[in-house]
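Student: Could we go through this structure together, one question at a time, and reason our way to each answer?

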Amino acid sequence: MSVADNKKLMEAIFTAIAAGDRTLFVESLADDVSMRVTGQYSWSQTFKGKQALLRDLYGYLGTLLADGRRTIAHRFVAEGDHVVVEGVGEMRTKAGVPYNNDYCLIYRLKDGKIVEITEYCDSVLTEKVLGKYPARSEA
């Protein structure tokens, strides 16, 4: 896909996410996608594979956040096989606490699929509102 096609896909994904629909996002994830949450805090790690990402990150977030969560994109920058999305989350915890984090998300695409995601956000806000990410056992 071209740079313009990649950017158009990400714009469509975030238009749907802003409306509360993550279907196109999930469908656009490659089976071997990896997502790295940057930083030096409990949420900082790499999730490898679509099922692990959906279960371990987004599934866990689903236990903390109320329905209706969305991310509003403000800027898209595309170059080569990367699309950078700047946006803000509009979310609440199930206890009603606002969780409106700022995000810079870098997506790498290949053949119309998202193969890599890098997330930058306010790590202090994440742990203040959502708490520490649970430690995973390395069994």
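Tutor: Let us begin with an acidic side chain: glutamate 127 is partly exposed, with a relative accessible area of 23%. Please keep in mind throughout that this is a predicted model.

Student: With which residue does glutamate 127 form a salt bridge?

Tutor: Glutamate 127 has a relative accessible area of 23%, which places this residue in the partly exposed class. Its partner counts as exposed, at 60% relative accessibility. The closest N and O atoms of the two side chains are 3.7 Å apart, and a salt bridge needs a distance within 4 Å, so the partner can be named as lysine 132.

Student: Which residue forms a salt bridge with arginine 75, and where in the chain do the two residues lie?

Tutor: The closest N and O atoms of this pair are 2.6 Å apart, and the partner of arginine 75 is glutamate 86. Arginine 75 lies in strand β3 and glutamate 86 in strand β4, so the salt bridge ties together parts that are 11 residues apart in sequence. Arginine 75 is partly exposed at 48% relative accessibility, and glutamate 86 is partly exposed at 35%. The names asked for are therefore glutamate 86 as the partner, with β3 and β4 as the two strands.

Student: How many residues apart in sequence are arginine 70 and glutamate 90, whose side chains meet in a salt bridge?

Tutor: The side chains of arginine 70 and glutamate 90 meet with a distance of 2.7 Å from N to O. Arginine 70 belongs to strand β3, residues 70-79, and glutamate 90 to strand β4, residues 82-92, so this salt bridge also joins two separate parts of the chain, and the separation is 20 residues.

Student: Is arginine 69 buried or exposed, and what is the nearest side chain of opposite charge?

Tutor: Arginine 69 is found in the loop between α3 and β3. Leaving aside residues up to four places away in sequence, arginine 69 touches several others, among them Tyr58, Leu61 and Glu90. Arginine 69 is buried and yet has no salt bridge, and the nearest side chain of opposite charge, 6.3 Å away, is that of aspartate 67.

Student: Which residues does the ring of tyrosine 133 pair with, given that phenylalanine 47 and tyrosine 60 are named in aromatic pairs?

Tutor: By the rule for ring pairs, the structure has 7 aromatic pairs. Phenylalanine 47 and tyrosine 133 are edge-to-face, with 6.0 Å centre to centre and 75° between the planes; phenylalanine 47 lies in strand β2 and tyrosine 133 in the segment after α4, so this pair ties together parts that are 86 residues apart in sequence. Tyrosine 60 and tyrosine 133 are also edge-to-face, at 5.3 Å centre to centre, and this pair links tyrosine 60 in helix α3 to a part of the chain 73 residues away. The partners include phenylalanine 47 and tyrosine 60.

Student: Which residues do ring pairs link into a cluster, and what is the relative accessible area of phenylalanine 47?

Tutor: The cluster is made of Trp43, Phe47, Tyr60 and Tyr133. Tyrosine 60 is partly exposed at 22%, whereas tyrosine 133 counts as buried at 9%. Phenylalanine 47 is buried, and its relative accessible area is 1%.

Student: Within what arc do the buried residues of α4 fall?

Tutor: The buried residues of α4 are Thr126, Val129 and Leu130. Seen down the helix axis they line one face, because they fall within an arc of 85°.

Student: What do these buried residues of α4 pack against, and which exposed residues are on the face turned away?

Tutor: The buried residues of α4 pack against α3, β5 and β7. The face of α4 turned away from its buried side carries the exposed residues Val124 and Lys128.

Student: Which strand pairs with β7 in the antiparallel sense, and which one runs parallel to β7?

Tutor: Strand β6 and β7 pair in the antiparallel sense over 8 bridges, and leucine 105 has glutamate 119 in β7 as its bridge partner. In the hairpin of β6 and β7, aspartate 111 takes a positive phi near 55°. On the parallel side, leucine 29 has isoleucine 114 as its bridge partner in β7. The antiparallel partner is thus β6, and the parallel partner, joined to β7 by 5 bridges, is β1.

Methods
Residues are numbered from 1 along each chain as its sequence is written. This is a predicted model: local features need pLDDT of at least 70, side-chain atom pairs count only at pLDDT 80 or more; totals for chains, interfaces and linings use all residues. Side-chain values use heavy atoms; hydrogens and water are left out. Two strands pair if DSSP finds at least two bridges between them. Helices (H or I, at least four residues) and strands (E, at least two) are DSSP runs, numbered from the N terminus. Buried means under 20% relative accessible area, exposed over 50%, partly exposed in between (1.4 Å probe, protein chains only). Lys and Arg count as positive and Asp and Glu as negative; His and the chain ends are not counted. Contact means heavy atoms within 4.5 Å. Rings of Phe, Tyr and Trp (its six-membered ring) pair if their centres lie within 6.5 Å; planes under 30 degrees apart count as stacked, over 60 as edge-to-face and the rest as tilted. The arc is that of the directions from the helix axis to the C-beta atoms.
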